[in-house]
Amino acid sequence: MFWNNHIETLSDDELAALQLKRLKWTIRQAEKVPFYRTQLREAGLHADDIRSLDDAGRLPFTRKQDLREGYPFGFFAVPLKQIVRIHTTSGTTGKPTVVGYTRQDLDNWAEMMARDLTMVGLSDDDVFQNALGYGLFTGGLGFHYGAEKIGMTVIPSATGNTKRQIEMIMDFGVTAINSTPSYGMRLAEVAEEMGVELDTLRVGIFGAEPWSDNMRKELEERLGITAYDSYGMSEMYGPGASFECEERNGLHFWHDSYLVEIIDPETGEVLGPGERGELVVTPLVKEAMPLIRYRTGDITMLMEDRCPCGRGQKIARIMGRSDDMLVIRGVNVFPSQIEHVLLSLPEVGEQFMVYIDRMHHLDEMNIEVEINRECFSGELKDLAKLQKRVAGALRDTLGLRTSVTLVEPGTLPRFEGKAKRVIDRRGEVW
Ligand SMILES: [Zn+2]
């Protein structure tokens, strides 16, 4: 099903012409921002120098640090009078990034979300429980307006009060739920504790943190849903820039609204389809806060095969952020790989924590993982064999020796928003 059949299935030529026109518009819009005026002058580039999409590679990159330095409104290309909403990133390190929206931006964003939700088979027949944070975080409101736009019955439940969330699913006949994957697991766990079946639920949408295909299987089985991956970030409006279709094999990007590149994070060189690297995005319709070649830090690749659904080129599911990537004794490890291994072992649960220390100049990774409730007999002492098996599976996939600690079910922290499963203590002084 299509929300906007014409724009979602443009031919390659139509799309390229539209992208070029919009790229030039974006550069003109960016020239209203002092940071870009300087950058473009130094690069000796004007909008008129961009004659084909290949010329985009001559444009300078924008980094997250640049946005932070523009705090609060340094990247706005329109007067505050025209800004109708502000969101910020969480700002876990230093000042948050502030993003602003004109009325047109909010319309564009809701239009994209409407396409996404329609693409996964949702419509005005559905009851949608939006269990993402509302507020400065873009997740809650982003989905909210897209879901309303297609006429769904929206329940702005936000996060927290998990038992009440389960009751709402049952009492209101919820058919689709949206949350982080870790909160989705929490919902499943609480529903199981309450001994209830969520019969009406059929679709789950999960995003805001990388998650593995084994996590998908687990969520689908335990919640009785088909699970879809959603991707976006505040700098691209928020969620909805990219979304799985019913094929569930990679995420469609809305190429009419974003120019997508994959680069080698070290050299900045543009990579081709099938080559994994850092996602770089130039939004093509953003009025309030145009960005040029924004380095997302997220690791993925453009997919070579065209999707049978007829929409444009897909990206692979996000493997992790380049700053989530752990380098342990010289080996690159993403937390999503650890999750993937643990979920392939039925004896352990999906709850885990990773601790990294430096002992005697060597990196040591210890993984605490909960034993599955059904496999837990109440005693930990007979579990040496299982511990070995988990460590072996991790070694096979990661190419790295780790130590594994099995813990009792229900003892590790649960997360309602984005999960923070990695504690890197290497920088700390002991
Ligand atoms: Zn598709």
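These entries record what I looked up in the structure, which is a predicted model.

**Entry 1: isoleucine 150**

I began by locating isoleucine 150, and I found it in the loop that connects helix H6 (138-149) with strand S4 (153-155). I then asked whether isoleucine 150 is buried, exposed or partly exposed. There are 19 other C-beta atoms within 10 Å of isoleucine 150. Because a residue counts as buried at 20 or more and as exposed at 12 or fewer, I entered isoleucine 150 as partly exposed.

Next I looked up the contacts of isoleucine 150, setting aside neighbours within four places in sequence. I listed Trp3, Ala114, Leu117, Thr118, Leu122, Ser123 and Asp124. I also checked aspartate 126, which is 24 residues from isoleucine 150 along the chain. The C-alpha atoms of this pair are 9.8 Å apart.

**Entry 2: the sheet of S18 to S21**

I turned to an open sheet of 4 strands and noted their order as S20-S19-S18-S21, with mixed pairing. Which strands stand at the edges? I recorded strand S20 (403-407) and strand S21 (422-424); each has a single partner strand, so one side of each has no neighbour in the sheet. I noted an average twist of 15° from one strand to the next.

For the pairing of strand S18 (residues 348-359) with strand S19 (residues 362-371), I found an antiparallel arrangement joined by 9 bridges. I followed isoleucine 356 to its bridge partner in S19, methionine 365.

Finally, I looked up helix H11 (residues 384-398), which packs on the sheet and touches S18, S19 and S20. I entered an angle of about 135° between the direction of helix H11 and that of S20.

Notes
Residues numbered from 1 in each chain as written. Predicted model: local features only at pLDDT ≥ 70, side-chain atom pairs only at ≥ 80, totals over all residues. Helix = DSSP H or I, 4+ residues; strand = E, 2+ residues; numbered from the N terminus. Contact = placed C-beta atoms within 7 Å. Pairing = 2+ DSSP bridges. Axes fitted to C-alpha atoms, helices over the stretch in contact; angles between N-to-C directions.
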